[in-house]
Amino acid sequence: MNVYESLLELIGDRERVSVNETVLEHHSKGIAYHAPHKPDVVVFPKTAEEVSRVMAFANEHRIPVTPFGAGTSLEGHVIPVQGGISLDLTLMNHIIDIRPDDFLAIVEPGVTRLQLNEALKRYGLFFPVDPGADATIGGMAATNASGTNCVKYGVMRDQVLGLEVVLADGSVIQTGSLAVKSSAGYDLTGLFVGSEGTLGVFTRLVVRLHGIPEATNAIKVCFPSLETAAEAAFAILRSGVGPGKIELVDEATIAAVNAYKKTDYPVKPTLFIELSGSPSSVEDGTKLVNELCEAEGAVSFVVETDSLARAKLWEARHHAAFAIQAAYPGKAMLSTDVCVPLSELPGAIADTRRLVDEQKMTAAIFGHVGDGNYHTVLAFDPNDAEEMARIEQVHTHIVRYALSRGGTCTGEHGIGIGKRAFLREEKGDAVLWMKRLKQLFDPNGILNPGKIF
């Protein structure tokens, strides 16, 4: 059997079934250090019916299928480790409906978050999940993404009201509804969100929207040490001020951002904070945040209210990972994303900084400290076996420290390939039940094999 010819017959369009080497290479990797692996063929469906036909064919012939969105995953989710079909959903990029009075939108999985928010501006609404990259809504749901806004609005699982899902055998099911809540049966929507393409392929999503706040500002506060910055973040969260965003960036990251973005931010551990709401609440909140930061020894406090200045500030934070990559050309990057209870956050960050300093490693620490989620980005030479071993030891220590404090091995990136070793440590025998669910939905094991377990 010729898989390419069979898929071409199913799709009926040579432009959307490809074995071109450049296309295969593009679909062989994400943006992190995991070893690439090419698919045998890439398919670009345009409809749920085409996805269904491809899945039924693949299931019948036991061909692995790996869903692919924008390719921005950090734990190797999109790598077709067993070859087969890479199912690229970027042509399914239509906003089907925007219902402003219901605060929801219905979208195809290839719609990106910036595309959606651009369309929502005219309604005074926005979609809040912001992982930094211009990821697809389908990919964000697959990994239960979060990002800078999650401290106020929640993570992806909180925003998805319903799904259309094509299962491994090609059958199509609907989960959830257009209502903001339901007590009808098992929460299959919540199950599929975060399943990393191992249980089904999303072809339609119903997502929750929010009103654009009346007033917003951005605050940049520098501190003498990483520990005092973390303590200040903790104090702000305890105060009840309710920041929309609160991000911690260490001095190594600030230096990389300055070089990459041609900015001149002080090279100090820095909190990036956003407050939003009514003008009076933002004004009062800013005064309180200033007092709390001064109490922790802040060395500078800058407030931006102009929209362009705010956008520039947050662009610098969002481009931190790209800045770090640019600062160390030729190096591979490992980015952790552990999450700990808020009270454990200052200690976790201090322990991580101590460890990487002891190991004399190139590292940057930043993250969404509003929910206890932080990243350590480690630059290394993947061809140096000794350095690789040390990197893995540091990574393991960071994760196990988080687990020992009641945290999790991944706050937003997902398990994919990179965190498989830690899932059993964190979840214990619950992993056996996860595997049973996988077997139920995908008995032939064709959906994104090699991920999670």
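1. Start with the lining of the largest cavity in this predicted model. Eight elements are named here: β3 (65-68), α5 (137-143), β10 (201-208), α12 (307-318), α13 (320-327), β16 (332-335), β17 (363-368) and β18 (373-380). Each of them supplies at least two lining residues. Helix α5 gives the most, with 5 residues.

2. Now the cavity itself. Its volume is about 940 Å³. It is lined by 49 residues, and those closest to its centre are Thr 72, Ser 73, Leu 74, Pro 131 and Ala 135.

3. What classes of residue make up the lining of the largest cavity? Nonpolar residues number 23, polar residues 23 and charged residues 3.

4. How many cavities of 30 Å³ or more does a search of the whole structure find? The search finds 2. The second largest holds about 30 Å³ of space.

5. The lining of the second largest cavity can be listed in full: Gly 147, Thr 148, Cys 150, Val 151, Ile 246, Glu 247, His 368, Val 369, Gly 370 and Asp 371. Both α6 (150-153) and β13 (245-249) supply at least two of its lining residues. By class, this lining has 4 nonpolar, 4 polar and 2 charged residues.

6. Turn last to the surface. Ile 31, Tyr 260 and Phe 322 make a nonpolar patch of about 250 Å². Tyr 260 sits in helix α10, which covers residues 251-261. Why does Tyr 260 count as partly exposed? Because its relative accessibility is 37%, and partly exposed is the class between buried, under 20%, and exposed, over 50%.

Notes. Residues numbered from 1 in each chain as written. Predicted model: local features only at pLDDT ≥ 70, side-chain atom pairs only at ≥ 80, totals over all residues. Heavy atoms only, no water. Patch = residues over 30% accessible without salt bridge, like charges linked within 9 Å, V, L, I, M, F, W, Y side chains within 5 Å. Areas by Shrake-Rupley, 256 points an atom, 1.4 Å probe, with all protein chains shown as cover. Salt bridge = Lys/Arg side-chain N within 4 Å of Asp/Glu carboxyl O. Helix = DSSP H or I, 4+ residues; strand = E, 2+ residues; numbered from the N terminus. Buried < 20%, exposed > 50% of the residue type's maximum accessible area, 1.4 Å probe, protein only. 1 Å grid on protein atoms, 1.4 Å probe; cavity = no way out; pocket = protein on both sides within 12 Å on 5 of 7 lines; lining within 4 Å. Points joined across faces, edges and corners; volume = space filled by probe spheres on them. Nonpolar A, V, L, I, M, F, W, Y, C, P; charged D, E, K, R; others polar.
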